[in-house]
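I open my notebook and start with the charged side chains. After that I turn to strands, helices and the chain as a whole.

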Amino acid sequence: MDSELQRPVSFRLSRRGDRNNQRPFAKDDGGGLFSSVRLPQDNPMKVVWKQGFIRLVIVAGILWMLLILIVLLFHIWSCQSSFSFFSAICNKEGKVFITMDLLGLAPKAEHRCPIPVAGDPEKIVIPEGRTPDVIVKDLTFIEDEDLVNIGSQSFPLFGGNQSWLQREESFKLKPRMKVHCGFLQNGGADMNPVDIEYVKKCRFVVASGIFDGYDVPHQPSNISIRSKKLFCFLMVVDEVSLKFITRNVTIKKDKDKGMWVGIWRLIPLKHQPYDEPRRNGKVPKILTYRLFPQAQYSIWIDGKMELIVDPLLILERYLWRDKHTYAIAQHKHHRSIYEEADANKRRKRYARPLIDLHMKIFYYDGMEPWSLKKNTISDVPEGAVIIREHTALNNLFNCLWFNEVNLFTPRDQLSFGYVVYRLSGLFKFFMFGNCEYNSLFVLHPHTREHSSKVEWVKSLSEFKGSGSSMKESRGGFGLWTPYPKNLDLVVLPPVVRTSKAG
């Protein structure tokens, strides 16, 4: 009876075992995943396809690695090749490389890159004498003009009252020239007598500036003993910044009552020439020679920067090595001033309609957007670092550059390329890579953000009535003085936005 009851159970177990034995691929067959026994669905075609795909992936990987190796070897060979086209691929200032960069075929630029400076500042040989003045030999400045009447007030203007005709004549280079170059009598930007005496001994200058209390002096690093003895480190400040620095940084006074913050000699300027602090900051930046006329060489860095490369190494790298007299960095994003103007409008750096008017004047005067046809690698510099020998032609260029900043918007990067264009290739300069520029300094944030009502203006009508107070009273007169040509039909060229609004 018990066996009869158990029969169905044993029968079911035997049936289950039979089904297990029917499996073509069992656990104990020793094959596991790599068993030679095929799955029913693995027909011969699928096996061949899988094996072929694996081989294809392996071959493709090998070919890709070989291609990379060939490209690297070709790059090394081309950089040393005697063929001009191939060697031009490695020349970042050449048109071949620039074309590849515009097409997106060149390697993406690094933010920072090593600067090929000499190893030891102590071994650098400083050139004797000065670079000869060939084109412009005698440069003098207009320093006295009639007072300008604005409303019921009459006062002198720091930049002078340059007419459109005087502006046009200033671009015609001659051996003897007399031009506007700031510092008109009683126009402002006055130095203390003690500082005037101090800077007379400065042949080599590192200059910087702080205006409206936006920064504090940042001490340079990696400065050699030789450079500390050779260079004057001059920090130009206005009254507001001097008060701000006094409250936040320790200032020491020497026996002549000169003021020092670390290595920096503070140079206060009294009677600011402009209403706009950014325009005031262009005085020591562009007109360094006018403030320090005994200087033969100068390196300008913006006040928010901490210099981290020895200044003697900078002069050797950017001027003396290849016999340049003027060096400035290429802008990171823009080559055309019209692209830079568009970015300035999007970032609210100045009134949009005034930037447009500024660009219309330049475009009417024949300033085309940058292209490979031009002799420069870019029309837009990074103006925060300027390296100069104070030759007559360089001083003239700075005067003309400043005059454009004085007449139009204070955005000096918009005017640099225009002045280069107006001098018809006679002004030579070295525009070095942006990654080297970023390796010259450490950037510190401003103590506060700059903001003014004029930056938010979207229409010229906003300057009428109560909005007239937004007009600058001592600068930018070229934006309000009728231009002698008809600008109504001028249509600015389209721009390709290569950077974010930020």
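**Entry 1: R317 and E436.** I looked up this pair and found that the side chains of R317 and E436 form a salt bridge, with 3.0 Å from N to O. The model is predicted, so I treat each value as computed from it. I then asked where the two partners sit. R317 belongs to helix α12, residues 311–320. E436 belongs to helix α17, residues 434–438. The two are 119 residues apart, and the pair links distant parts of the chain. Are R317 and E436 buried or exposed? Both are buried.

**Entry 2: R167 and its partners.** Next I looked up R167. Which side chains does R167 meet in a salt bridge? One is D365, at 3.6 Å from N to O. D365 lies in the loop between α14 (352–364) and β14 (381–389), while R167 lies in helix α5 (residues 164–170), so this pair ties together parts that are 198 residues apart in sequence. Another partner is E404, at 3.0 Å from N to O. E404 is in helix α15, residues 392–407, and R167 is in helix α5. These two are 237 residues apart, so I noted another link between distant parts of the chain.

I checked how covered these residues are. Buried means under 20% relative accessible area. R167 has a relative accessible area of 1%, so R167 counts as buried. D365 has 17%, so D365 counts as buried too. E404 is also buried. Shared partners join R167, D365 and E404 into one network of salt bridges. A reminder to myself: side chains of opposite charge can pair when their charged atoms come close. I also noted the total for the whole structure, which is 20 salt bridges.

**Entry 3: helix α15.** E404 led me to its helix, α15. I counted 16 residues in α15. From first C-alpha to last, α15 reaches 22 Å. That is close to the 22 Å expected at 1.5 Å a residue. How many of the residues of α15 are buried? The count is 16 of 16, so I wrote that α15 is mostly covered.

**Entry 4: strand β11.** I moved on to β11, residues 297–301. In this strand 5 of the 5 residues are buried, so β11 is largely enclosed by the rest of the structure. Which way do its side chains point? Y297, I299 and I301 point one way. S298 and W300 point the other way. All of them are buried.

Then I looked up the neighbours in the pairing. Strand β6, residues 204–210, runs parallel to β11, and 4 bridges join them. Here F204 stands opposite Y297. β14 also pairs with β11, in the antiparallel sense, over 5 bridges. There S298 stands opposite R388 of β14. I had met β14 before, at one end of the loop that holds D365.

**Entry 5: the whole chain.** Last, I stepped back. I found 17 helices and 16 strands in the protein chain. The chain has 502 residues, and 47% of them count as buried. Its accessible surface comes to about 27600 Å². Carbon and sulfur atoms hold 57% of that surface. I also looked up contacts with a separation of 6 or more. Of these, 81% come from residues 24 or more positions apart. The salt bridges of R167 are examples of links across the sequence, to partners 198 residues and 237 residues away.

Definitions and conventions: Residues are numbered from 1 along each chain as its sequence is written. This is a predicted model: local features need pLDDT of at least 70, side-chain atom pairs count only at pLDDT 80 or more; totals for chains, interfaces and linings use all residues. Side-chain values use heavy atoms; hydrogens and water are left out. Buried means under 20% relative accessible area, exposed over 50%, partly exposed in between (1.4 Å probe, protein chains only). Contact means heavy atoms within 4.5 Å. Accessible areas come from the Shrake-Rupley method with a 1.4 Å probe; for residues, only the protein chains shown count as cover. A salt bridge is a side-chain nitrogen of Lys or Arg within 4 Å of a carboxyl oxygen of Asp or Glu. Two strands pair if DSSP finds at least two bridges between them. The expected span of a helix is 1.5 Å times one less than its number of residues.
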